[in-house]
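User: I'd like to practise reading sheets and helices on a real case. Can you walk me through one?

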Amino acid sequence: MSLKVRDLRVYYRTLAGDVKALDGADFELADGEITGLVGESGSGKSTLGKSLIKLDGRMRYVSGTVELDGAELPVRDSARMNDFRFREVSLIPQYAMSAMNPTRKVGRMIADLLESRGERFRALRPELVRRLELVGLGEQVLGRYPIELSGGMKQRTVMVLSTLLDPSLLIADEVTSALDVSNQRAVAETLAGFRDRGFVKSMIFVTHDVALVNQIADTITVMYAGRLAEKGPAKTVVNSPRHPYTRMLISALPEVGVSHGERRLSGIPGSPPALLDPPAGCRFRDRCPLAFDKCEQEPPFAEVEPDHSVACWKA
Amino acid sequence: MSTEQAGPPTGAGPAPGGGGAPPDAAVPAGAPLAAAAPAGRRGGELAYFALRNGKLVAGLVIVLFFLLVGLFAPMLLPHGPNEYDIGPQGAPPSAELWLGTTRFGQDVYAQFVHGLRSTFLVGLLGGGVAFAVGMVVGFVAGYRGGWVDEVLNMITNVVLVLPTLAVLIIVAAYLQARGVAVQSLFIGLTSWPWAARSIRAQTFSLSSRDFVDLARLSGRSSWKIIFRDIAPNMSSYLFMTFILLFGGAVLIAAGLDFIGLGPTDGTSLGLMMNQAVNWGALQLGMWWWFVPPGLGITAIVGALYVMNVGLDEVFNPKLRET
Amino acid sequence: MRRYFGRKLFVYALTFFIAMTVNWIIPRFMPGDPVQSRLARASLQSPEASAAMQAYYERLFGLDVPLWQQYLNFWASLARGDLGISIWLFPQPVGDIILGAVPYSLALLLPAILLSWVVGNWFGAYAARNRWLDNTVLPVGYVLTATPYMWLALLLAWGLGIVAGLFPVGGAYSFALTPSATPEFVGSLLQHWFLPFLSLFLVALGGWAIGMRNMIIYELESDYSNYLEALGAPRRLVRRYAFRNAMLPQLTGLALQLGTLVAGSLLTEIVFSYPGLGYLILQAIRNQDFFLLQGAFMFIVVGVLIANFIIDIVYVLVDPRTRIQMQGGAA
C-alpha cells in the first residue's frame with residue numbers, strides 16, 4: 001500500500017460554523033494505482049485532494065491519519081508537511097494555466113523553486129529537458145515567459161515540473177476541466193504515461209468526468225456529500241456499481257465515452273444536503289430510491305468483495 | 001485590445017487624483033460581482049456584518065459627529081465666523097472661547113464649525129459632480145465599447161494626466177467672485193477620471209453577463225439596461241467610489257482655499273489655514289488657529305477612508321476572514 | 001513598440017494642446033472681462049508694468065484681429081518661448097523667473113516622490129506579512145493620506161521649527177549668505193530643504209504603504225503563489241515573487257499620483273516660503289501677475305507629462321508581459 005487514509009476529516013471554517021466538507025474518509029491506494037476521484041461539485045473531492053498536500057487558509061484539520069509508504073504524512077502541520085511536498089506528494093493544480101509567475105522566465109522560476117528546496121538545478125536540468133521533450137516541448141520553453149506559451153504548453157510544463165522529483169503520490173486536481181475533449185484525453189494519457197515510466201508511484205485524479213476516468217484509471221472512488229460512497233476497480237464500478245448514488249451517476253451517462261460536462265448529474269432528482277449541519281445517517285437518504293429505516297444510521301464504508309468497498313446498507 | 005489595457009490590473013482600485021488620497025484606497029475589483037443571493041437575506045446579512053465591523057462603525061461615528069457639529073453648532077452661536085473682536089486678540093483657548101481667537105479677535109471655534117459646513121458641502125457637491133460625470137463616462141464607455149469607448153477613453157486619459165490643482169488654480173485665479181458651488185463644480189469636472197476608469201472596467205465585465213444579454217434581447221433601451229440592470233449590480237462599488245471622490249474633493253478644496261483661491265465670501269477650513277499663515281500664526285505660536293482646521297479635515301477624510309475599508313470587508317465576503 | 005509609445009505620445013500631445021488652449025481661453029472668455037479689469041488694476045499699482053502688460057496683452061490677444069488669428073498668435077509666441085514679462089518682478093521675463101524656481105521644486109519633489117515610493121512599498125510589504133505591523137501601518141497610512149499637505153507642513157514647521165528650533169522655516173537658504181559652493185552655504189540649503197521634504201515625503205508615504213499592502217495580499221492569493229506553496233517553496237521565495245509583481249501596479253500608481261504630488265509640493269512650498277513653483281504661484285496670485293501664473297502652469301503641465309512618459313518607459317522595461325505583447329504586436 002502506498003497510501004493509507006484513515007478517518008480523515010477536514011472542515012471549512014465559516015462564520016456560520018464548520019462546513020463538514022470532508023467528513024471521514026477511509027481508503028487505500030496501491031503502488032502504481034491511479035484512482036479517479038469523482039463526485040459532484042461540493043462533494044468534498046477537491047477538499048480530499050488538497051488536504052493530502054496543503055490545506056488552504058480556511059480549512060481546518062479535525063481528525064484522521066495519512067500514511068504514505070509506511071511513514072506518517074503530517075497533514076495537520078503545514079510546516080512539517082513542507083518536507084514532503086514536491087518530493088513525496090505533489091500537485092497538478094486546476095489552474096495550471098496561471099500557475100507560473102508571469103514575470104519570471106519559466107526556467108528561472110523552476111531554478112528558483114528547486115534551489116529553494118535544496119535541489120541543484122544544474123544537476124536536474126538534463127532530466128527536466130528530457131521530460132519536457134517527452135511531452136513534446138523543447139528546451140527553449142525554459143527561456144520563455146509564461147505569456148509566450150500556449151495554454152497546452154503551460155499545462156504540460158506544469159505537469160513536468162510537478163513530477164520532476166518523482167513523487168510517490170500525485171494529486172491531479174480537475175486538470176482537464178478547462179480543456180476540450182481531445183486535449184482532455186491527451187492530458188490524462190500523458191499522466192498515465194508518467195505513472196508507467198515511474199515518474200510517480202500512485203495518483204489521485206480528481207474530476208467530475210466519469211467517462212474520462214474510466215479510460216485511464218485503475219480504480220474509481222466516488223464521493224458524496226463529504227464521504228466516500230464507493231471505491232472499486234474502474235470496470236466494476238462502471239459496469240456493476242453497488243451504491244445507489246454511483247448507479248444513478250453511471251446511468252445518467254448517456255453512454256460511456258461521451259462527455260456532457262456536469263449537466264448529466266442533473267438527471268438525479270434532489271440536491272445534496274447542506275454540509276454546514278448535515279443530517280445523521282446516510283447522507284444520500286433523501287434522494288435514494290432504496291432508502292429504508294436503517295439508513296438513519298450511518299452505513300460503514302465496508303468491503304463487499306476484494307478491493308471493492310461501498311457505504312450502503314443495501315450493497 | 002488596446003494597448004492601455006496591456007498591463008496587469010491597475011492596482012486593486014481607484015487612485016483619486018486629488019489632494020493626497022491613497023493610490024489604492026479600498027475598492028477591489030471583485031466587490032460588486034457578489035452573488036445575487038435573495039435580497040432580504042443578503043440585506044440582513046450585510047447589516048449583521050456592518051454592525052460588527054469596527055472600521056466601518058468607527059469611521060461612521062467620526063463622520064457623523066463632525067457632520068452634526070457642522071449642521072447644528074453654527075445655529076447655537078450668537079455671532080458669525082468672521083465678526084471681529086468677539087474676544088481679546090490672539091487669545092489661546094479658554095472656557096468661554098473654546099478654540100481661542102484669531103489676531104483680530106475672531107472666534108476660531110465659530111470659524112471651525114462654519115468651515116465644517118463648507119467642507120461637507122464641497123465634498124457633497126464636488127464629489128457629486130465628479131461621481132455623475134464618472135458614472136456617465138464609465139457606463140457609456142464600458143457598455144457601448146467600440147469607437148465611443150475609444151473616444152471617451154482618450155478624454156479620460158487626457159484629464160487624468162492633467163495636474164488637477166494647477167488647472168483649478170488657473171481657472172479660479174481668473175474668477176472674480178467665487179462661491180462654494182462654483183468651486184465644487186470645477187473640482188468635480190477635473191477629478192472624475194479614475195472613477196470613470198474603474199466604473200468602465202466594472203461595466204465592461206458586467207455587460208457580458210447573461211442577465212444583461214437577456215435584457216438586451218428583450219429590446220430594453222441602453223439607458224434602462226445601464227440603470228436597471230448594471231448599476232444596481234455594482235451599487236456597493238459605486239457607493240465606495242463616491243466616498244473616495246468626496247474625500248478627494250474635500251482635500252482639493254482645502255488646497256485651493258489655502259492658496260487663497262477659495263470662496264470669496266464665508267469661511268472654510270482651508271481659508272482658516274490660509275489666514276493663519278498670512279497673519280503669522282506660525283511665528284506667534286498661535287497653534288489654535290491652524291491646528292483645528294487641519295485636524296478636522298484629516299479626521300473627516302481619514303474616517304471616510306477607514307469607513308471604506310470597512311464597507312469593502314462587508315460587501316466582499318472574501319475579505320471578512322482576516 | 002512604436003504603436004504603444006505613439007499612442008501614449010499622442011495622448012500627451014493632446015493633453016498639452018488642451019491645457020494650453022485652456023490657458024488661452026480662460027483669461028479671454030471669463031465673465032467680467034478679466035483682461036480689462038486686470039489692466040485697470042495694474043495701472044494703479046505700477047504704471048510702467050501696466051504699459052508692458054498692455055503691450056503684451058495686445059500682442060497676445062491682438063484685441064482687434066479675429067479670434068482665430070488671436071489663437072494662432074498665442075501659439076506663435078509660445079513657440080518663440082515668449083511667456084511675457086513678470087509684473088511682480090518687473091521687468092524680468094517670466095521664463096527666466098520660472099527656470100530659476102524649477103530646481104527648487106525638483107529638489108523637493110524628486111527625492112520625496114522616489115523615497116516615499118521606495119520606503120512606502122517596503123513598509124507595505126512588511127505590513128502584509130505581520131499582523132501587528134499591519135494594524136499599525138494601515139491606520140497610520142490612512143491618516144497620512146487623509147492629511148492635507150499644508151497642514152502637516154504647518155505642524156512640522158511649528159513643532160520642529162518654531163517650538164523646538166531645530167530647523168529654519170522660511171526660504172531656501174539663510175539670507176545672511178550669498179549663494180556659493182561653500183560647505184556653509186550647502187549646509188544652509190540642506191537645513192532649509194529638510195522640513196518641506198519631510199512633510200511631502202510623509203504624506204505621500206501613507207498611500208504607497210497602503211497600496212503595496214493591498215497589492216501584495218492580492219498577489220499572495222494568486223495562483224502562482226498557491227502553486228509554489230503547494231510545492232513546498234519557502235515563504236521567502238513566495239514573498240519575493242509577490243513583492244516584485246506588486247511593484248508593477250505600484251508603478252502605474254506612481255503615474256496616476258503625479259498630479260497630486262505636484263499639488264502637494266506647491267502647497268508645501270507655500271508654507272515654508274520655499275522658492276519653487278508653488279511659491280511663485282502664490283506671489284503671482286497676490287500680485288495679479290497672470291503671465292507668471294500661466295507660465296508656471298505650462299511648466300507644471302509639461303513636467304507632469306514628461307514624468308508620465310518616463311514612467312511609461314520604465315514600465316515597459318520592467319514588465320516582461322507588456323514588452324512581449326508589444327513585440328508580438330509589432331511582428
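User: How many bridges join β6(A) to strand β7 of chain A?

Analyst: The general idea: strands of a sheet pair through backbone hydrogen bonds, either parallel or antiparallel. In this predicted model, β6(A) and β7 (residues 169-173) of chain A run parallel, joined by four bridges. Within that pairing, A:I92 stands opposite A:A172 in β7(A).

User: Which helix of chain A packs on the sheet there?

Analyst: That's α6 (residues 181-196) of chain A, which touches β3 (34-38), β6, β7 and β8 (202-206) of chain A. Its direction makes about 165° with that of β8(A).

User: And what is the strand order of the open sheet in chain A?

Analyst: Read across its eight strands, the order is β6-β7-β8-β3-β9-β10-β12-β11, and the pairing is mixed. β6 (89-92) and β11 (302-305) of chain A are the edge strands, each pairing on one side only. On average, neighbouring strands are turned by 25° against each other, direction ignored.

User: Where does UniProt put the "domain: ABC transporter" feature in chain A?

Analyst: The UniProt entry, an unreviewed one, places it at residues 3-250. That span is 34% helix and 28% strand, with its end C-alpha atoms 27 Å apart.

User: Over to chain B: is helix α13 largely enclosed or open?

Analyst: First, a helix basic: an α-helix has 3.6 residues a turn, so residues three or four places apart point the same way. Here, α13 (residues 287-315) of chain B reaches 41 Å from first C-alpha to last, close to the 42 Å expected for its 29 residues. Of those, 25 are buried, so α13(B) is largely enclosed by the rest of the structure.

Technical notes:
Residues numbered from 1 in each chain as written. Chains lettered and ligands numbered in written order. Predicted model: local features only at pLDDT ≥ 70, side-chain atom pairs only at ≥ 80, totals over all residues. Heavy atoms only, no water. Helix = DSSP H or I, 4+ residues; strand = E, 2+ residues; numbered from the N terminus. Expected span 1.5 Å × (residues − 1). Buried < 20%, exposed > 50% of the residue type's maximum accessible area, 1.4 Å probe, protein only. UniProt positions renumbered as here; feature names shortened; annotations may be inferred. Pairing = 2+ DSSP bridges. Axes fitted to C-alpha atoms, helices over the stretch in contact; angles between N-to-C directions. Contact = heavy atoms within 4.5 Å.
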